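Good morning, colleagues. Please look at the sequence and the structure on the screen while I take you through several local features.

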Amino acid sequence: MDSGQTVAVFGAYGHTGRFVVTELRERGFVPLLVGRDAGRLQALAASHPGLEHRVASVDDPASLDQALTGAAAVVNCAGPFASTAAPVIEAALRTGIPYVDVAAEIEANLDTFAHFTDRARTAGLAVVPAMAFFGGLGDLLVTTAMGDWTAADEAHVAYGLSSWHPTAGTLASGTVSRERRAGRRVRYTGGRLEYHVDESALPTLEWDFPAPLGRRTVLDGFTMADVVTVPSHLSIPEVRTYMTTDAAQDLAGPDTPAPAPVDELGRSAQTFTVDVIVRSGDTRRRVVAHGQDIYAISAPLAVEAVRRILSGRTRTSGVASAGQIFDAPDFLRALSAYLSLEPCHESRAPQFA
């Protein structure tokens with residue numbers, strides 16, 4: 001149990017925000033419920049007797065400052081993060097508290113690194129974007145696979161999702177990202193992020209996931225936030241991400257329902273495998289994680305980050321990805337109740353296949 005410190009959750013009534021509130025309480029923190037919808041905040045507070053709630057909007061800096069007063073840290077769970085990340089980070093800097101978010105939006109995470117790195121470092125505050133399933137978990141796994149390597153030739157992050165029933169927040173964030181890209185695709189190659197126009201369908205390949213998932217067809221070039229988090233601190237010029245085609249079709253389907261709870265924790269039936277392969281020369285290292293519900297797992301990821309920041313278990317300050325600011329292998333071990341990890345395996349291979 002932790003020390004009863006107050007942690008503000010912006011967007012507390014959202015799908016992921018609710019998981020974060022519950023996880024904070026279970027860890028001994030006191031969640032402070034924050035958001036712009038007074039009615040939804042009141043309803044959430046009614047289900048968590050004793051918790052305070054405060055109305056705040058990203059369009060009203062004074063309301064954000066007031067909402068964060070007395071908090072030891074803030075977790076931003078309100079997307080689209082292209083709209084919310086900067087105002088909440090600004091408020092965190094003004095009130096002098098660390099910031100964590102669960103953004104999966106590539107451009108929003110790029111903005112955080114670009115606009116706040118110097119200011120957060122000068123303030124001596126931790127700002128950790130993408131501390132979630134996409135971006136955070138992949139970065140922790142890649143960093144773990146790197147081990148004693150100071151550089152690698154390429155990193156591959158394959159997402160094996162049994163299904164993908166997106167939340168309203170996911171769909172809204174995806175719309176914003178597509179608009180910002182103006183229909184272009186994005187990739188990380190040659191040591192830099194590239195936007196390009198390609199009217200053809202994404203190529204597919206067969207990926208041999210470990211059991212129980214097994215061999216699945218994946219989209220090659222289904223780019224996620226790992227192309228921001230991993231290169232932010234690791235010398236890897238090629239970072240590629242993949243997604244099982246069934247999950248991608250779910251995400252794109254107009255009639256795909258939102259995730260539905262199936263257990264006492266509120267998790268959906270979705271399961272996932274994240275298969276990471278890092279290559280240096282003719283040596284490959286592989287690390288694999290298995291779990292349930294990509295939204296639910298974001299809560300222990302974010303809350304563990306808050307716990308380590310507030311207890312001083314960090315390696316740097318300023319804007320930093322999960323693998324840079326935390327001891328990645330130790331962080332993953334701390335999530336053993338939520339994630340099943342396969343030990344890092346090293347093999348010889350002349351090239352990735």
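I begin with helix H5, which covers residues 106–123 in this predicted model. The helix has 18 residues, and at 1.5 Å a residue it should span 26 Å; because its end C-alpha atoms lie 25 Å apart, the expectation and the model agree. Where does H5 bend? The bend is at Phe116, and it amounts to about 60°. Phe116 is also one of the buried residues of H5. The buried set further includes Ile106, Glu107, Ala108 and Asn109, then Thr112 and Phe113, and finally Thr117 and Ala120. After the helix comes Gly124, and its phi is positive, near 70°.

I turn next to Asn76, a residue of strand S4, which comprises residues 73–76. Is Asn76 buried or exposed? Its relative accessibility is 0%, and because buried means under 20%, Asn76 counts as buried. Which side chains make polar contacts with that of Asn76? One is the side chain of Thr84, at 3.2 Å, and another is that of Tyr99, at 3.1 Å. Leaving aside residues up to four places away in sequence, Asn76 also touches Phe10, Phe81, Ala85 and Val88, among others. Val100, Asp101 and Val102 belong to that list of contacts as well.

The loop that runs between S4 and helix H4, residues 81–95, contains Pro80. The peptide bond leading from Gly79 into Pro80 is cis, with omega near -5°. A cis peptide bond is also found from Ala211 to Pro212, where omega is near 10°. Pro212 is placed in the loop between strand S10, residues 204–208, and strand S11, residues 215–220.

My final topic is positive phi in residues other than glycine. For Ala130, phi is near 55°. This alanine sits in the loop between strand S6, residues 126–128, and helix H6, residues 133–146. Ala130 has a relative accessibility of 0% and therefore counts as buried.

For Asp293, phi is near 70°, again a positive value in a residue that is not glycine. Asp293 belongs to the loop joining strand S14, residues 283–292, and helix H10, residues 298–310. What is the relative accessible area of Asp293? The value is 1%, so Asp293 is buried.

Thank you for your attention.

Key: Residues numbered from 1 in each chain as written. Predicted model: local features only at pLDDT ≥ 70, side-chain atom pairs only at ≥ 80, totals over all residues. Heavy atoms only, no water. Helix = DSSP H or I, 4+ residues; strand = E, 2+ residues; numbered from the N terminus. Expected span 1.5 Å × (residues − 1). Bend = angle between axes of the 7 residues up to and from the residue. Buried < 20%, exposed > 50% of the residue type's maximum accessible area, 1.4 Å probe, protein only. Polar contact = N/O pair within 3.5 Å; in protein donor to acceptor, adjacent residues only side chain to side chain. Contact = heavy atoms within 4.5 Å.
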